[in-house]
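Student: I would like a close look at a single part of this structure, the open sheet. Please go through it slowly and set it in the context of the chain.

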Amino acid sequence: TLTKKGFLIHWNRNDIFFLQDSFSNSCEINGELGDDEYITQIEAGFYDYVVLTNKQKIYKWWFDQIMKVEQKCITNKKGETELISQIGMGNNHVIVLTTKGDIYSWGVNLVGQCGVGYINEIVNIPTKIEFSGLSKDDSIKQICAEGVFNVVLTSHGKVYCWGLADQSEKLLEPTEFLMIPKSEEEKIVLLHTKRDKTIAFSNQNSCYIWRNSI
């Protein structure tokens with residue numbers, strides 16, 4: 001959990017899946033931060049935790065073993081540094097949105113969950129994800145990762161996804177999810193994915209939910 005002052009507290013479950021009475025290694029990550037640095041976002045994977053700070057740095061650890069991720073920022077092909085504005089954490093892969101509007105990913109890629117267009121065991125270096133259908137006046141607004149699936153939302157209300165869809169189809173690169181809005185003025189403004197479903201809210205106060213498949 002993340003407190004109002006950017007302080008992180010975490011705990012584990014016991015064998016019968018009840019919260020323990022006492023916190024386990026609850027605040028070690030805070031000792032890694034600078035004096036004026038605080039946590040702004042936290043995401044949990046199957047074994048890993050990753051957090052983003054106001055300095056656009058990522059800290060990542062496996063269970064209780066805290067370590068800094070080497071890639072605190074992203075370097076594009078031009079050698080320019082792209083700072084991170086959002087993070088998403090799947091079971092064993094990470095996606096990040098930079099302040100320039102690009103998405104990079106790395107981690108396990110056995111079913112194409114990194115969205116780089118091919119399948120391999122692991123993507124070690126943060127790799128940019130290409131969006132072929134994204135218009136020049138559109139940009140990525142929100143990113144979500146869950147398990148081996150990813151969903152992102154653009155400023156125009158378009159939804160793209162990739163990874164293992166519905167335990168059958170492998171989407172190796174971003175694919176637009178086509179929805180039927182009630183009117184031309186309606187667009188998706190917020191979404192969230194969990195397990196095998198995605199929920200989305202529109203500017204017309206409508207709520208949509210669907211299974212993660214195309």
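Tutor: A definition comes before the sheet: a residue is buried under 20% relative accessible area, exposed over 50%, and partly exposed in between. Note also that this is a predicted model.

The chain has 17 strands and zero helices. Four of the strands form an open sheet, in the order β7-β8-β9-β10, with antiparallel pairing. At the edges stand β7 (84-89) and β10 (122-128); each has a single partner strand, so one side of each is left without a neighbour in the sheet. On average, neighbouring strands of this sheet are turned by 10 degrees against each other, direction ignored. In general, strands of a sheet pair through backbone hydrogen bonds, either parallel or antiparallel.

Take one pair in detail. β7 pairs with strand β8 (residues 93-98) in the antiparallel sense, over five bridges. Ile84 has Thr98 in β8 as its bridge partner.

Now the loops elsewhere in the chain. Most residues other than glycine have a negative phi. Gln56, in the loop between β2 (48-53) and β3 (58-62), has a positive phi near 60 degrees. Its relative accessible area is 25%, so Gln56 counts as partly exposed. Asn205 also has a positive phi, of about 60 degrees, and is not a glycine. Asn205 sits in the loop between β16 (197-202) and β17 (207-211). With 78% relative accessibility, Asn205 is exposed.

For the chain as a whole, buried residues make up 43% of the 214 residues. The accessible surface comes to about 12,200 Å², and 51% of it belongs to carbon and sulfur atoms.

Notes
Residues numbered from 1 in each chain as written. Predicted model: local features only at pLDDT ≥ 70, side-chain atom pairs only at ≥ 80, totals over all residues. Heavy atoms only, no water. Pairing = 2+ DSSP bridges. Helix = DSSP H or I, 4+ residues; strand = E, 2+ residues; numbered from the N terminus. Axes fitted to C-alpha atoms, helices over the stretch in contact; angles between N-to-C directions. Buried < 20%, exposed > 50% of the residue type's maximum accessible area, 1.4 Å probe, protein only. Areas by Shrake-Rupley, 256 points an atom, 1.4 Å probe, with all protein chains shown as cover.
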